[in-house]
Structure formats: structure tokens, C-alpha cells
Amino acid sequence: MDNFQTVLRFFMNQKTTIGYSFMALLTIGGERVFSMVSFQCPCNRDQNFAYGLTFLLGPAMVLLVLGLFFSTRLWRLYTGCCLNPTKLCPRGNCFNCLRVFTSIFSGACVAPVMWLCVALLNGTFYECAVSGLDDSVVVDIFCKNKTMKCREELARVPCGRSRLSTDERMELLLMFRAQSQILGWCVVIISAVVGLAGTCCKNCRSKVSYLQLTFWKRYIEREKERFDNFANDYATKLAERNLKSFFENKDPEPFAFPNHRAWEEISALYTFSRSEQYYSTLQRYVERTDRDFSPEKKPVMDLEHGMEMA
């Protein structure tokens, strides 16, 4: 039993690394599926570039949008900001707001960067895209010291339908593949350097020590986990209470519930302050001496701004 708990604890501590590894495997698998099943280069000078670039950048944009869509921090910051714009920059700290948005965006960029790396290292999409370039300078680079037939047949090279000799075709394909892989490794190296530099800068400017920062991260994980459990439990109890009142045709029993102001305060993104050294907005709220203890008289939604349940 102890060995099982040790293994479980190890996987829990490494869940970020495991998550990124799983994301990388999904990206590689997705790229192979696109390359083998749906991708068919048109081998047309007018279409190759747009088609190849669409397959190279299109999935990356979709992954970026999905990364932002599933970002809890983004929705905590954005929800209600049209009615209360100060939520975007609490305490008037625009620099901190920009830092949070940068952090959210960089987190959402992980999957798109993985896709670009895998797609460029494979080279299929890049080959199709560059073979359709009509710029004379670029074509001169590809067809240097070659006949005019190379310029005419360049767009057909990725499909194997060109009238060039086998040696010339393979030479061009190897050139395309080399360029694509060089770009892929450049993206990998730049991403690694930027990630390391960002982490170093963030830790260097940290207002707490490494061990306290580690504890802080553990606390945030546990608080979120326990909040989900409590929310599920209280939602179940409230639903049972309402259903019981409805079916038994009697007044509902009293139900303690946080007021709307409390929900607003704990939903805000937390910013560290030396004068208020808490680990989250929830802790800051519950330890306040002047907080409003009055619960909601009825656990209902506020319809002041036209909000209603579907």
C-alpha cells in the first residue's frame, strides 16, 4: 500500500510534465493523421502556398483558440468586465493586468508551438507551401544552376508528378525537407530559450522564497480540488432541497449561502501584496475582519443585469 501511495504521489507531483508529454503525443498523432489522411497537395502553383500554409498554421490557430477557451484564469478575469471594467485591472495596476494576460497567452501557446514543431520537422506541409511560391528570388534559390524546366515544374515536385529527372526531384525534396527541419528546430530552440528566460525572470522577481512558492502552488492545487468537491456537494444539497420543496409542496428549508459580493471577491484573480500575504483570494476573504457575514436570504441569481438560467 505504501508503494502504491509513493507511485501515486510521484505521478501527482509530475502531472504537469505528464500532461505536456500527453499533449505532445496527441500533437504528433494528429499531425500524422492530417498528413496521411486529409492532406493532398494540389501541385498547382496558384494553390500550393495557400493550401500548405493553411495546414501548417490552421491547426495551430485552432489549438490557440482552444487553449484560451479552456483557460480558467482568462474567464475569471474576463467574466463581468463589460459591466465592471475595473475587474481587468484591479487596484489600477495595468502592468499586473498585462502580465496576467501574457501568462495566459503563453500558456495557451504551448499546444500551437508543439504543432508547428512537429509539422515543420516532418516537412510535408512546408514542401507543399514553398513549392507554390512565385517570387523570382525564392525560385532562383531553389533552381540555382538548373534548367528552366525546374522553374516550370517546381510546383509538381511534392506530388511526384513533375517531368524532372529523379535525381533533380529528390534534390529539391531534400532541400525542402532540410529547410523545414531547420525552421522546426529554430522554433524548438527559440521556444525553449524564451520559456527558460521567462521562468528565470519570474523566479528572480518572486517576492517569496522557492520553498514558499512551491507550497503556494501546492495550496492552489488543493484549494481548487477541494472547492470543486465542496461546490459539487453544496449544489447537490441545494438541488435536493429545492426538489424536496417542490414535490412535497411546502416552503423550502433555510439554506446558508454566500452573498453575491462574496462570490465576486473570491472570483477575482489574486495578486500578491506584502501587506496582505495570503495564498489566494479565498483565504484573503475568509481572514478579513470586516467581511460581510450576512448570507443570501434566498440562494437565487441576481437578475439586475438581465441574467437568467436557460
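In this predicted model, helix H6 makes a handy starting point: its 13 residues reach 19 Å from the first C-alpha to the last, close to the 18 Å expected at 1.5 Å a residue. Plenty of H6 is tucked away, with Ala111, Pro112, Met114, Trp115, Cys117, Val118, Ala119, Leu120 and Asn122 buried. Right after H6 comes Gly123, which has a positive phi, near 90 degrees.

From there the view widens to the nonpolar cores. The largest of them has 23 residues, and those with the most contacts inside it are Phe125, Phe142, Leu154 and Leu172. At least two residues of this core come from each of helix H3 (48-69), helix H6 (110-122), helix H7 (124-131), helix H8 (136-142) and helix H10 (166-204). H7 gives the most, with four residues. In general, nonpolar side chains in soluble globular proteins tend to be buried together. As for Leu154, leaving aside residues up to four places away in sequence, it touches Arg45, Ser131, Val139, Phe142, Cys143, Leu172 and Phe176. A second core, separate from this one, has six residues, including Val208, Leu213, Trp216 and Tyr278.

Charged pairs come next. Side chains of opposite charge can pair when their charged atoms come close. The count of salt bridges comes to eight. One of them joins Lys224 to Asp228, whose closest N and O atoms are 3.4 Å apart. These two partners sit four residues apart in helix H11 (residues 210-248), so about one helical turn separates them. An α-helix has 3.6 residues a turn, so residues three or four places apart point the same way. Lys224 counts as partly exposed at 49% relative accessibility, and Asp228 is also partly exposed, at 39%.

Helix H11 holds another such pair, Asp233 and Lys237, again four residues apart, or about one turn of the helix. Their salt bridge has its closest N and O atoms 3.5 Å apart. Here Asp233 is partly exposed with a relative accessible area of 36%, while Lys237 is partly exposed at 39% relative accessibility.

What does the salt bridge between Glu265 and Arg288 tie together? The closest N and O atoms of this pair are 2.4 Å apart. Glu265 lies in helix H12 (residues 260-267) and Arg288 in the segment after helix H13 (281-286), so the bridge links parts that are 23 residues apart in sequence. Arg288 is partly exposed, with a relative accessible area of 25%. The pair also belongs to a network, in which salt bridges that share partners join Arg261, Glu265 and Arg288.

Conventions: Residues are numbered from 1 along each chain as its sequence is written. This is a predicted model: local features need pLDDT of at least 70, side-chain atom pairs count only at pLDDT 80 or more; totals for chains, interfaces and linings use all residues. Side-chain values use heavy atoms; hydrogens and water are left out. A nonpolar core is a set of buried Ala, Val, Leu, Ile, Met, Phe, Trp, Tyr and Cys residues joined through side-chain atoms within 4.5 Å. Buried means under 20% relative accessible area, exposed over 50%, partly exposed in between (1.4 Å probe, protein chains only). Contact means heavy atoms within 4.5 Å. The expected span of a helix is 1.5 Å times one less than its number of residues. A salt bridge is a side-chain nitrogen of Lys or Arg within 4 Å of a carboxyl oxygen of Asp or Glu.
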